Structure formats: structure tokens, C-alpha cells
Amino acid sequence: MTGSDATSAAAPVDTSRPHPARVYDWWLGGKDNYPVDEELARKILAADDTAVRGARANRRFMHRAVRTLAEAGVRQFLDIGTGIPTEPNLHQVAQAVAPEARVVYADNDPIVLRHAEALLHGSAEGSTEYVHADVRDPETILRLAAESLDFARPVTLSLVALTHYLGDAADGDDVHGLLKRYVDALAPGSCLVLSQVTPDLNPEAVGKAAGLFARSGTPFYPRSLGEFSRFFDGLELLGPGVIPVTGWRPDPEDVAVQAEGIVPVYAGVARKV
């Protein structure tokens, strides 16, 4: 892998406050987190016992969605909010189907950057690149991603378990407008892959988790089915549509997870026509 110019100088790691990517890493059983991340992860898990199940269900959803789209012929992927590498990563899933697939990751956590440089090696036939940038800066991400991806051809854009860290217009983020800027840059035939925590399925526990995130300095925005579905306005949803994450084209292991209890996360995949 060769990183873009944006990765040439890693920002210092702030260990004084938790970071969502490292909290998520702890839930997934990873080791690339700090005591401040583990403390918040444990507090949220105590308030919402679906947190670990949800993190792992999100990963499995990403695997299924990427595999589905690669099998359908998509050969380019832009994954924003990559997180700390946990195998199999998106490029490994895509390139297992199509070795020539081209993948660009983007994240703003310096720890993710360090691991990306060391671990995200793609197939010889394809390419795997990393952009160190924030999702709120689509111009930079799209410009740097265009060094590896051809935006005149279909690209799968994935933001898995990311939009619940972005606020609405009243919060200064306008996450729906932000997503539209990305989608507008994609060619017809491109796809959007999303998952998002919702209060609909477990409101009390999700509300407590959101409060813990907010008090740690990380605003958290669970969204209803209607609010989440708005992300797909103007796009053609793939079956089974917007659905709890474990129900999106489940493999047998996902059916077993469904039996363990609810996962308050919605997921969907849609195509730009």
C-alpha cells in the first residue's frame, strides 16, 4: 500500500479523551485502545448491553454488503470512517471476490493512520489506499480518493456506524446535506452502504449510551427509521430495504445473532440510478 500525501505526517494521538474508533475497537475485542477508551466502552456496555453485539453485527453487515456488491460487478470502494483494522477488512472481502478491486479508506484518527500504513495491503491486481481526513471535508477526501478511483465509473461509498457521530443542520453538521455532497459526486450505478444506531428498538438503553458519549466529548445522534431512511432519498434501495442490521441478507451466523436479542442499528444499501 502507498498512502496519499495526506498521510505523510501523523497527528499526535490524544489519549486524554476517548475516540469512537478506539471505543469500537474495544467492543470488537481489539488491543488498539487506551484506558480512557476502555472506560467509556465499559460504561456504555453497562448502560446498553447490545453494544458489543451491535459492533460485531455492523462488521458482519459490512462484509455481506461488500461481498454482495463485488459479486454484482462493483470494482471500486470508498470507505469513510474506516476504524482500526479488524480482519477481514473491506478490501480483503472485496478482493476475495474481485482481486482487481480498488479500495480507498478514509479516517481521521492517527491510530487508524498508523495501522493503515502497516496493515492495509491489498491484492497485487488491485489497489488499497488510505486517506487521513475527516468525513466533514468531502472535497479533500474525494480529491485524494480520485488519485486511485475513477469517479466516472461506479463506486461503492460506505459509512458503516459513522453517521450517528454526525449531527443535523441545527448541530452544525447537516449530515444529510453532507451525504448528498458525496453521493452527488458518484457516477450512476454507484452504491451507498450505511448503518446507524437507532432509538426505535431500545430507546432507554440507547438514550443512556448517547448521554455517556456526549459527556465524554463525543456527540452521538441515534436516528429513527424515518431519519435514517432520508439518507437514501433519490436512490434505489436494494432488497430487503432499510432493516435492522442483522436482517440485511443474513448469513446463517447472523440468524444466530438475531436469536441473541435486539441490535438497535438500522442498515441499508442503495444504488444511484
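A residue counts as buried when its relative accessible area is under 20%. In this predicted model, S127 has a relative accessible area of 11% and is therefore buried. S127 belongs to strand β3, which covers residues 127-132. The side chain of S127 is joined to that of R102 by a polar contact of 3.5 Å. R102 also appears among the residues that S127 touches once neighbours within four places in sequence are left aside; the others are Q95, A101 and V103.

The same cut-off can be applied to helix α1, residues 20-27, where 8 of 8 residues are buried and the helix is mostly covered. The residues concerned are P20, A21, R22, V23, Y24, D25, W26 and W27. R22 and D25 are thus on the buried list together with W26 and W27. Just after α1 comes G29, with a positive phi of about 85°.

W27 leads on to the aromatic rings, since ring pairs link W27 with Y165, F213 and F220 in a cluster. A pair of aromatic rings is described by the distance of the centres and the angle of the planes. The model holds 8 aromatic pairs. One of them is formed by F61 and W248, whose ring centres are 5.7 Å apart and whose planes meet at 85°, an edge-to-face arrangement. F61 sits in helix α3 (residues 51-71), while W248 is in the loop between β7 (243-244) and α10 (252-260), so the pair ties together parts that are 187 residues apart in sequence. F61 counts as buried because its relative accessibility is 0%. W248 is likewise buried, with a relative accessible area of 0%. F228 and F231 make another pair, edge-to-face because their planes stand at 75°, with ring centres 5.9 Å apart. F228 has 0% relative accessibility and so counts as buried, and F231 is buried at a relative accessible area of 6%.

F231 has a second role in this description, as one of the residues lining the second largest pocket. The volume of that pocket is about 190 Å³. Its lining also includes H176, L179, K180, V183 and D184, together with R230, D233, G234, L235 and K272. By residue class, the lining of the second largest pocket divides into 5 charged, 4 nonpolar and 2 polar.

The backbone has some further points to note. The peptide bond from E87 to P88 is cis, with omega near -5°, and P88 lies in the loop between β1 (76-80) and α4 (90-97). The peptide bond from G239 to P240 is also cis, with omega near 5°; P240 is located in the loop between β6 (236-237) and β7.

Positive phi values occur at A161 and R249 as well. A161 is not a glycine, yet its phi is about 55°. A161 lies in the loop between β4 (156-160) and α7 (175-184) and counts as buried because its relative accessibility is 12%. R249, again not a glycine, has a positive phi of about 45°. R249 is found in the loop between β7 and α10, the loop that also holds W248. Is R249 buried or partly exposed? At 36% relative accessibility, R249 counts as partly exposed, whereas W248 is buried at 0%.

Notes
Residues numbered from 1 in each chain as written. Predicted model: local features only at pLDDT ≥ 70, side-chain atom pairs only at ≥ 80, totals over all residues. Heavy atoms only, no water. Buried < 20%, exposed > 50% of the residue type's maximum accessible area, 1.4 Å probe, protein only. Helix = DSSP H or I, 4+ residues; strand = E, 2+ residues; numbered from the N terminus. Phe/Tyr/Trp six-rings, centres within 6.5 Å; stacked < 30°, edge-to-face > 60°. 1 Å grid on protein atoms, 1.4 Å probe; cavity = no way out; pocket = protein on both sides within 12 Å on 5 of 7 lines; lining within 4 Å. Points joined across faces, edges and corners; volume = space filled by probe spheres on them. Nonpolar A, V, L, I, M, F, W, Y, C, P; charged D, E, K, R; others polar. Polar contact = N/O pair within 3.5 Å; in protein donor to acceptor, adjacent residues only side chain to side chain. Contact = heavy atoms within 4.5 Å.
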